Amino acid sequence: QVQLFESGGALVQAGGSLTLSCTASGSIFTANTVAWHRQGSGKQRELVASITSWGDRFYTDAVKGRFAIERNNANNTVFLQMNRVKPEDTAVYYCYLASTPGFWGQGTEVTVSS
């Protein structure tokens with residue numbers, strides 16, 4: 001089974017920045033869309049951002065203009081750059097590889113303090 005590894009979650013003050021990373025091995029990662037989802041306490045998991053194999057990007061309205069998703073195919077890594085974070089960004093963030101079948105990482109926790 002493909003394994004995805006997220007890192008970068010931390011406690012950060014509102015208005016600050018941090019970067020999450022998702023890494024995996026193999027061409028299956030490079031050839032497919034990778035997405036970041038998040039799940040706040042007591043909430044449903046939601047799509048935050050995605051990037052296709054050719055670099056098309058999608059952002060949910062809640063983070064548009066503040067977050068940026070990037071990929072480094074040489075390193076099989078996808079980043080989520082989070083800027084001007086808000087308390088409502090607090091959640092566990094999960095990496096998802098949209099291959100067939102798809103694969104989820106275990107999540108990395110982001111807490112934004114007021």
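## Starting in a loop: arginine 84

Let's begin with arginine 84, which sits in the loop that links E8 to E9. This is a predicted model, and in it the phi of arginine 84 is near 45°, a positive value in a residue that is not glycine. That deserves a second look, since most residues other than glycine have a negative phi. As for its surroundings, arginine 84 has a relative accessible area of 46%, so it counts as partly exposed.

Asparagine 76 shows a positive phi as well, about 50°, and again the residue is not a glycine. Its place is the loop between strand E7 (67–72) and strand E8 (77–82). Is asparagine 76 buried or exposed? With a relative accessible area of 11%, asparagine 76 is buried; the cut-off for that label is under 20%.

## The overall picture

Stepping back, the chain is built from 1 helix and 11 strands. Reading from the N terminus, the order is β-β-β-α-β-β-β-β-β-β-β-β, with the helix coming after three strands.

How does the radius of gyration of the chain sit against that of a compact globule? For 114 residues, a compact globule would come out near 13 Å, and the chain has 13 Å, so the two agree. The C-alpha trace spans about 40 × 25 × 20 Å along its principal axes.

## Inside, outside and charge

Of the 114 residues in the chain, 42% are buried. The chain exposes about 6000 Å², and carbon and sulfur atoms supply 47% of that area. On the contact side, take the contacts with a separation of 6 or more: residues 24 or more positions apart account for 52% of them.

The charge count is 9 positive and 8 negative side chains. The centres of those two sets lie 2 Å apart.

## An aromatic cluster

How many aromatic pairs turn up in a search of the whole structure? The search finds 2. One of them joins tyrosine 94 and tryptophan 104 in an edge-to-face arrangement, 6.5 Å centre to centre with 85° between the planes. Tyrosine 94 belongs to strand E9 (residues 91–97) and tryptophan 104 to strand E10 (residues 103–104), so this pair ties together parts that are 10 residues apart in sequence. Tyrosine 96 also forms an aromatic pair with tryptophan 104, this one tilted, at 4.6 Å centre to centre and 45° between the planes.

Put the pairs together and Tyr94, Tyr96 and Trp104 make one aromatic cluster. What about its accessibility? Tyrosine 94 has 14% relative accessibility and therefore counts as buried. Tyrosine 96 is partly exposed, with a relative accessible area of 22%, and tryptophan 104 is also partly exposed, at 38% relative accessibility.

## A cis bond between E9 and E10

The stretch between E9 and E10 has its own oddity: the peptide bond joining threonine 100 and proline 101 is cis, with omega about 0°. Most peptide bonds are trans. Proline 101 lies in the loop between E9 and E10, and those are the strands that hold tyrosine 94 and tryptophan 104, respectively.

## Two more loop residues

Glycine 8 is found in the loop between strand E1 (5–7) and strand E2 (11–13). With 34% relative accessibility, glycine 8 is partly exposed. Which residues does glycine 8 contact, once neighbours within four places in sequence are left aside? They are Leu18, Thr19, Leu20 and Thr108. Glycine 8 and tyrosine 93 are 85 residues apart along the chain, yet their C-alpha atoms are separated by 9.9 Å.

Valine 63 sits in a loop too, between strand E6 (57–59) and E7. Its relative accessible area is 0%, so valine 63 is buried. Not counting residues up to four places away in sequence, valine 63 touches Arg38, Val48 and Asp89. Serine 7 is another matter: valine 63 and serine 7 are 56 residues apart in sequence and 19 Å apart in space, going from C-alpha to C-alpha.

Methods:
Residues numbered from 1 in each chain as written. Predicted model: local features only at pLDDT ≥ 70, side-chain atom pairs only at ≥ 80, totals over all residues. Heavy atoms only, no water. Helix = DSSP H or I, 4+ residues; strand = E, 2+ residues; numbered from the N terminus. Rg over C-alpha atoms; globule rule 2.2 N^0.38 Å. Buried < 20%, exposed > 50% of the residue type's maximum accessible area, 1.4 Å probe, protein only. Contact = heavy atoms within 4.5 Å. Areas by Shrake-Rupley, 256 points an atom, 1.4 Å probe, with all protein chains shown as cover. Lys, Arg positive; Asp, Glu negative; His and termini not counted. Charge placed at Lys NZ, Arg CZ, Asp CG, Glu CD. Phe/Tyr/Trp six-rings, centres within 6.5 Å; stacked < 30°, edge-to-face > 60°.
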